[in-house]
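User: I would like to learn how to read a few features of this structure. Please give the general idea before each case.

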Amino acid sequence: MGSFPDSTNIQVKMPAPADLREQDLIRRVQAGEKERFYELIKPYERRVYAAAFGVLRNEAEAEDAAQEAFLKALSHIRQFRSEARFSTWLIQIAVNEALMRRRKAHKEIMEPIGERQDDEGEYTPRDFADWREIPSEALERKEIREKLAAAVAALAEKYREVFLLRDVQHFSIEETAEALGISRASVKTRLLRARLMLRDLLAPGLGGAWLTRLPFEKGSKPW
Amino acid sequence: MVVNCEHVWREISNYLDNEVSLEMRQAMEAHLRICKNCTAVLNGTRNVVQVYGDGRLFELPAGFSRRLQRRLAQQSSSWIFDSARTFWILAVAAVAVIVGGVSLSNSSVFRQPDTRSLLAQFPHGIPASLMVVVSSEGRLFHVPGCKYLHRHDGESLQMMTAAEAMKEGYAPCPRCLRQYLSSRVECPRVRPGPEFSVTLPPMLTTDSGF
């Protein structure tokens, strides 16, 4: 005899108040209340900027691309469908804007770490020192954040883009693949390399040196 | 399944993302229990994911929000300006179309009396009570005695007033009723009776004994 699920265990997932507020704001802006657009995008300013910075690696260009992305989002707000997350939609616009600017610029950038390694090859970790957990307050320190940003900026383009969307912007593998126009398998391969390369770059510093010897002495190079 | 260090490194990212099979997960965990190097790599990679996923990594440049708000405001005001400009352009265009249409309708393009047939000219001033003759198969009405009134075989002539003839669709003969034909072209329309009763030549009215 089959059993019925206990009705007390059935939980209806209700949207969080913040989500409801966001949905309400989206509807209002779509209906013409453009002056409320900034209120809608304010929580995503930093993420959109980070997405643009991840591609362009230049503060001024990233700001311009991010702001252009917001303007485009405002212009096309009626095209947004609630099936997608608003943050994902915004960040995709920013990534597209940044990629387009980079293509236009035809920049000759110094070949960063990992550029010569193709997706198919194996990546062997260089450092096997264990890395203890980083205390959360360490991230409050500007110098730590700068080291982390510099490390990710040192990655080759194709790894950096995947890493930033997946691990910084928290895109799913599918969303990352769609945003960059690559396969799911490529996302996974590039992500593996990006994570391992970053680990190699950061392990000596975040493994203890940066956390115990801060502030750094003048001229010291932890990595 | 037994895995070595290279297998673990290859799958370590998928392991963190729960993208490996149960069998692979168990095999990796068995390996990690005995391999310090792979454990160090796993911990370090997990730390990378956690550190960068924290959300505090990228700081906005100073003044970013203020500059963004200014650009948004500029765009909004430019939309308003564009809307107003579009409104005025449309309004001016509409006026231009109306004025142009009126001018065109009064222009010589639509007033070419010399090129039109006499038959197409609109009669005016024909006395409504003027007695005229029509042929049953003809299209014109004539003053009795008009030499251009021809009766073919089988046709019959009929007398009626000019008003009746026009009501039945007959046009005035351009010869005998030439004086009533306008050099202006107007839209044909049935005029009320009194307009027909102007300047009657006495000899052409019924009163004259015609």
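**Cores, confidence, interface and sheet**

Analyst: The largest nonpolar core has 65 residues, and those with the most contacts inside it are A:Val48, A:Ala51, A:Ala52, A:Ala66, A:Ala69, A:Leu90 and A:Ala94. Helix α9 of chain A (residues 184–213) gives the most to this core, 10 residues. A second, separate core of 19 residues includes B:Leu149, B:Ala165, B:Ala171 and B:Cys173. This is a predicted model, in which local features need pLDDT of at least 70, side-chain atom pairs count only at pLDDT 80 or more, and totals for chains, interfaces and linings use all residues. Residues are numbered from 1 along each chain as its sequence is written, while chains are lettered from A and ligands numbered from 1 in the order in which they are written.

User: What is a nonpolar core?

Analyst: In soluble globular proteins, nonpolar side chains tend to be buried together. A core here is a set of buried Ala, Val, Leu, Ile, Met, Phe, Trp, Tyr and Cys residues joined through C-beta atoms within 7 Å. Buried means 20 or more other C-beta atoms within 10 Å of the residue's own, exposed 12 or fewer, and partly exposed in between, with C-beta atoms placed from the backbone.

User: Which residues is A:Ala94 in contact with, leaving aside neighbours within four places in sequence?

Analyst: Two residues are in contact if their C-beta atoms, placed from the backbone, lie within 7 Å. For A:Ala94 the partners are A:Val48, A:Ala51, A:Ala52, A:Ala65, A:Ala66 and A:Ala69.

User: Is A:Glu59 buried or exposed?

Analyst: A:Glu59 is partly exposed, because 15 other C-beta atoms lie within 10 Å. A:Glu59 belongs to helix α4 of chain A, residues 59–75; helices (H or I, at least four residues) and strands (E, at least two) are DSSP runs, numbered from the N terminus.

User: What is the mean pLDDT of chain A?

Analyst: Where pLDDT is low, the predicted coordinates should not be read in detail. pLDDT is the predictor's confidence in each residue, from 0 to 100. Chain A has a mean of 79, and 74% of its residues reach 70 or more. Over residues 1–5 of chain A the pLDDT is below 50, and this stretch has 1 contact beyond near neighbours in sequence.

User: How many residues does each chain bring to the contact?

Analyst: Chain B brings 34 residues and chain A 41. On the side of chain B that touches chain A, the largest share, 11 residues, comes from α3(B).

User: What is the strand order in the open sheet?

Analyst: Strands of a sheet pair through backbone hydrogen bonds, either parallel or antiparallel. Pairing here requires at least two DSSP bridges between two strands. The open sheet of 4 strands in chain B has the order β3-β1-β2-β4, with mixed pairing. β3 (157–161) and β4 (171–172) of chain B each have a single partner strand, so one side of each is left without a neighbour in the sheet.
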